[in-house]
Protein chains: 2
Amino acid sequence: MINKNSPVPIYHQLLEYIKSKITSGEYPADELIPSEREFSEKFQISRMTVRQALNNLVQEGFVYRQKGKGTFVSRQKVEKRISRLNSYTEEMIERGLKPSSKLIEFEIIKTDSSLANILKITENDPIYKIKRVRLADLKPMSIESIYVSCELAPNLNQTVLEKSFYEYVNSNIPDPIQYADQSIQARLASEEEAKLLEIPPNSPVLSIDRTTYLRSGKVLEHELTVYRADRYKLVHSLFRND
Amino acid sequence: MINKNSPVPIYHQLLEYIKSKITSGEYPADELIPSEREFSEKFQISRMTVRQALNNLVQEGFVYRQKGKGTFVSRQKVEKRISRLNSYTEEMIERGLKPSSKLIEFEIIKTDSSLANILKITENDPIYKIKRVRLADLKPMSIESIYVSCELAPNLNQTVLEKSFYEYVNSNIPDPIQYADQSIQARLASEEEAKLLEIPPNSPVLSIDRTTYLRSGKVLEHELTVYRADRYKLVHSLFRND
DNA sequence: AAGTGGTCTAGACCACGTG
DNA sequence: ACGTGGTCTAGACCACTTC
């Protein structure tokens, strides 16, 4: 069960072990799981190591703890991933569509004051502007304009953009993507947009502005996307934490 | 600075100490803070205790760590950005607008199969159908149709609906509201909608379908809302939990 | 080689909840 | 009185980064 010579940390092995017991139903919801000392004894590991596994599980929402009573399994009915921040590529694959894109613009421009403010960089700093028509099963789905600081994303080029931008970030920037703020509006497509999206003029579109942040708090990118209303529906979940 | 005899845990005292140094600017953004061993030495506490303070600060978004390099101050504290599930009333107050509403329909109908499926009740069970024009600062903002099982929400009447529906639920149903699934689309207003919303025909609208769930897993309500695109912008946050 | 964070140990005392 | 999670110690070795 636990291999002390594995390169995988012990606390992580234990964490996965407990997770599997929960998802398999062996540890049912609202029930006590073994105490820290029991795990410590059973696997011959330090109690502090057990605590590290359990604390991570608390953070992930799998269990909750009560002083003097023990550690309980959470009622995990809600999939957390519903509102997960995904790239276009990931999202389309999830929807069973084949993502691709057509590059419209790829250039380095100087930041204007508004973008500099959003990206939290200095005005006139160079940034990439990348404009693409996003396709799903080879038909236009959206028009996407991305603004990224050149400093943050060196070596960005057209080849990289064939694949997922988020994937590029994961492999090339040590600072991981943490979250994004989005604002969503309905409006009518402009003439140019209608042409690129291959829809009649004055068709409704869903306009989504997204700013993506890294764990350090740095702004990764600002993104303006216009979706065809007849092909795209945004789905998400909201929680009420009283 | 650190009082070992205080009932406040040492790691918490250290956490607050570092927080204050960050907010005061003494530890500037993107800069290294003292190492774990330095804190340990300086305050004569164990390194594990220092780590507990720092790990909490990482969780709260005040600092981030890099193996082999050190602990850095984040550019901005990540607030609890989980977009909360709010009622129309709560949302408008948050936006600084005065919410009100005009009742269009209030009746008890039999569930059709589609609604029965969504509400997880039996077909032909009685449900409330409530249709209202929602106003903000006395001007139309949206048209909202709510479907609620009569069994779940007894004593629902027009007076109750003057106030927040969620407030009514909080006071009258022991099972608390937990989360909602939403789907969001752009489309053009129908003639009737345009009239009620006081906008020109064929104006774009944001169409939001929401299903609200209670902690027990029961469905509280299904809601179809059509927002004026010129007055309403939906804002939310997404997390990437790798 | 020196410093950093990541992991781990084998103990300890505490406050809390339940019998 | 006993078991629980919460806090804390004083060490240790590792992989990583920088010099």
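# Notebook: two chains and two DNA strands

I started at Ser46(B), where a polar backbone atom lies 2.8 Å from a phosphate oxygen of DNA strand D. A note to myself before going on: this is a predicted model.

**Entry 1, DNA strand D.** I looked up other polar contacts here. A polar side-chain atom of Tyr11(B) is 2.6 Å from a phosphate oxygen of DNA strand D. From chain A, Glu36(A) puts a backbone N or O atom 3.0 Å from a phosphate oxygen of this strand. I then listed the elements that give two or more residues to the surface near DNA strand D: helix H2 (36-43), H3, strand E1 (63-66) and strand E2 (70-73) of chain A, plus H1 and H3 of chain B. Which element gives the most? I found H3(B), with four residues.

I counted 27 residues around DNA strand D, and the closest are Arg47(A), Ile10(B), Tyr11(B), Ser46(B) and Thr49(B). By class, the surface has six nonpolar, nine polar and 12 charged residues. Of the strand's atoms within 4 Å of the protein, 60% are sugar or phosphate, and bases make up the rest.

**Entry 2, DNA strand C.** Next I turned to the other strand. Of the 27 residues around DNA strand C, I noted Ile10(A), Tyr11(A), Ser46(A), Thr49(A) and Arg47(B) as the ones that come nearest. Sugar and phosphate make up 61% of the atoms of DNA strand C that come within 4 Å of the protein.

I looked at three side chains of chain A. Tyr11(A) has a side-chain N or O atom 2.6 Å from a phosphate oxygen of DNA strand C. Gln52(A) has a polar side-chain atom 3.3 Å from a phosphate oxygen of the strand. What does Arg47(A) meet on DNA strand C? I found a base nitrogen, 3.3 Å from an N or O atom in the side chain of Arg47(A).

H3(A) supplies the largest share of the surface near DNA strand C, four residues. By class, I got six nonpolar, nine polar and 12 charged residues for this surface.

**Entry 3, H1 and H3 of chain B.** Last, I checked how two helices of chain B pack. Helix H1 (residues 10-23) and helix H3 (residues 47-60) pack at an angle of about 50 degrees, with axes 8 Å apart. That angle makes H1(B) oblique to H3(B). I noted a right-handed crossing as H1(B) passes H3(B). The contact of H1(B) with H3(B) has nine nonpolar, three polar and two charged residues. Among the residues that meet there are Leu14(B) and Ile18(B) from H1(B), and Val50(B) and Leu57(B) from H3(B).

Terms used. Residues numbered from 1 in each chain as written. Chains lettered and ligands numbered in written order. Predicted model: local features only at pLDDT ≥ 70, side-chain atom pairs only at ≥ 80, totals over all residues. Heavy atoms only, no water. Axes fitted to C-alpha atoms, helices over the stretch in contact; angles between N-to-C directions. Parallel < 35°, antiparallel > 145°, perpendicular 65-115°, else oblique. Left-handed = near helix turned anticlockwise from the far one by under 90°. Contact = heavy atoms within 4.5 Å. Nonpolar A, V, L, I, M, F, W, Y, C, P; charged D, E, K, R; others polar. Near = heavy atom within 4 Å. Polar contact = N/O pair within 3.5 Å; in protein donor to acceptor, adjacent residues only side chain to side chain.
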